[in-house]
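Trainee: Got a minute? I'd like to go through this one with you.
Mentor: Sure. Put it up and ask away.
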Amino acid sequence: MRCKELEPLAVPFVDGELADADGADVRAHLAACPPCRTRIDAERAAREAVCAAREGMREGAPPALRARCARLCRGRHSRRWISLTLAAAASLLAALIWFGGTDAGTPVLAAQLTLDHVKCSKMNGARVSGSPVQLAAYWRERYGWPIRVPAAMNDRVSLAGVRRCDSSEGGTAHIMYRIDGRPLSLFIARDGGRTPRIFDVFGHEAIVWSSDDRTYVLVGREPRQEMEALAAIIRKDLPLQ
Ligand SMILES: [Zn+2]
Ligand SMILES: [Zn+2]
């Protein structure tokens, strides 16, 4: 099996849904391929974040939605386990957690990018590193639209690099930081007009705001007050030149 062949099997493998022969092929490949092991670990971490968050889902959600979500996260040996892509799981959970809210697309975005933060933090290898100016230049040349990369926001935060995430194919820039060694992400999307909001999603804080036709989403596990302070520093550093 080649790495490329493993890709479509990653989610069903993590869900325990592959036929025995396919599962054995995947395991054999993983035993010999550290990058694919990292890839599977990241998928697993994201899945665990989704299922852990289910416990906190809002009571007011419609029963059918709650039931779908319960099946999604049921024990892996159950026959009723439903395989969903993580993007679908994120949308479902966002709908559960925020059902009844306005500005419906924003919680889905926050949930998807939080899962991306979880996965990409586990797959640090593919990022591009450099100074803020170098990273912004890289992004503009590579993907044809400008971003401004904020420097490290305070002395506890360091800039780790930028990533093109598989899920967004260059449509969202993922700028990675470390805060006291823990991952912190700033996402920049090519649209604007979102109302500023803060979400508690998958055990993370996700702060969303728009400025100059860009949407920014800061994701991390630091206390909310701390996250808000970091977002305020970034905002002061904007707008785009
Ligand atoms: Zn591989
Ligand atoms: Zn990413």
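Trainee: Which exposed residues sit on the face of α3 turned away from its buried side?
Mentor: Asp20, Ala21, Ala28, Ala31 and Ala32. Keep in mind that this is a predicted model.
Trainee: And which residues of α3 are buried?
Mentor: Gly23, Val26, His29 and Leu30. Looking down the axis of α3, you find the buried residues within an arc of 125°, so they line one face.
Trainee: Why would residues three or four places apart point the same way?
Mentor: Because an α-helix has 3.6 residues a turn.
Trainee: What span should α3 have, and how far apart are its end C-alpha atoms?
Mentor: Helix α3 covers residues 20-32, which is 13 residues. At 1.5 Å a residue the expected span is 18 Å. The end C-alpha atoms are 19 Å apart, which agrees.
Trainee: Switching to the sheet. What's the strand order?
Mentor: β1-β2-β3-β6-β5-β4, six strands in an open sheet with antiparallel pairing.
Trainee: Which strands are at the edges?
Mentor: β1 (157-164) and β4 (197-201). Each of them pairs on one side only. Neighbouring strands are turned by 20° against each other on average, ignoring direction.
Trainee: How many bridges join β3 and β6?
Mentor: Six, in the antiparallel sense. β3 runs over residues 182-189 and β6 over 214-220. Ile188 has Tyr216 of β6 as its bridge partner.
Trainee: Is Tyr216 buried or exposed?
Mentor: Buried, because its relative accessible area is 0% and the cut-off is under 20%.
Trainee: On to the rings. How many aromatic pairs are there in the whole structure?
Mentor: Four. One of them is Trp209 with Tyr216: the ring centres are 5.5 Å apart and the planes are at 15°, so this pair is stacked.
Trainee: Where does Trp209 stand on burial?
Mentor: Trp209 has 2% relative accessibility, so it counts as buried.
Trainee: What lies over the face of Trp209?
Mentor: Arg235, at 4.6 Å from the ring centre.
Trainee: What about Trp139 and Trp145, stacked or edge-to-face?
Mentor: Edge-to-face. Their centres are 5.9 Å apart, with 90° between the planes. Trp139 and Trp145 are both buried.
Trainee: Which residues make up the aromatic cluster with those two?
Mentor: Tyr138 and Tyr143 join Trp139 and Trp145 in one aromatic cluster.

Technical notes
Residues numbered from 1 in each chain as written. Chains lettered and ligands numbered in written order. Predicted model: local features only at pLDDT ≥ 70, side-chain atom pairs only at ≥ 80, totals over all residues. Heavy atoms only, no water. Phe/Tyr/Trp six-rings, centres within 6.5 Å; stacked < 30°, edge-to-face > 60°. Buried < 20%, exposed > 50% of the residue type's maximum accessible area, 1.4 Å probe, protein only. Lys NZ or Arg CZ within 6 Å of the ring centre and 35° of its normal. Helix = DSSP H or I, 4+ residues; strand = E, 2+ residues; numbered from the N terminus. Expected span 1.5 Å × (residues − 1). Arc of directions from axis to C-beta. Pairing = 2+ DSSP bridges. Axes fitted to C-alpha atoms, helices over the stretch in contact; angles between N-to-C directions.
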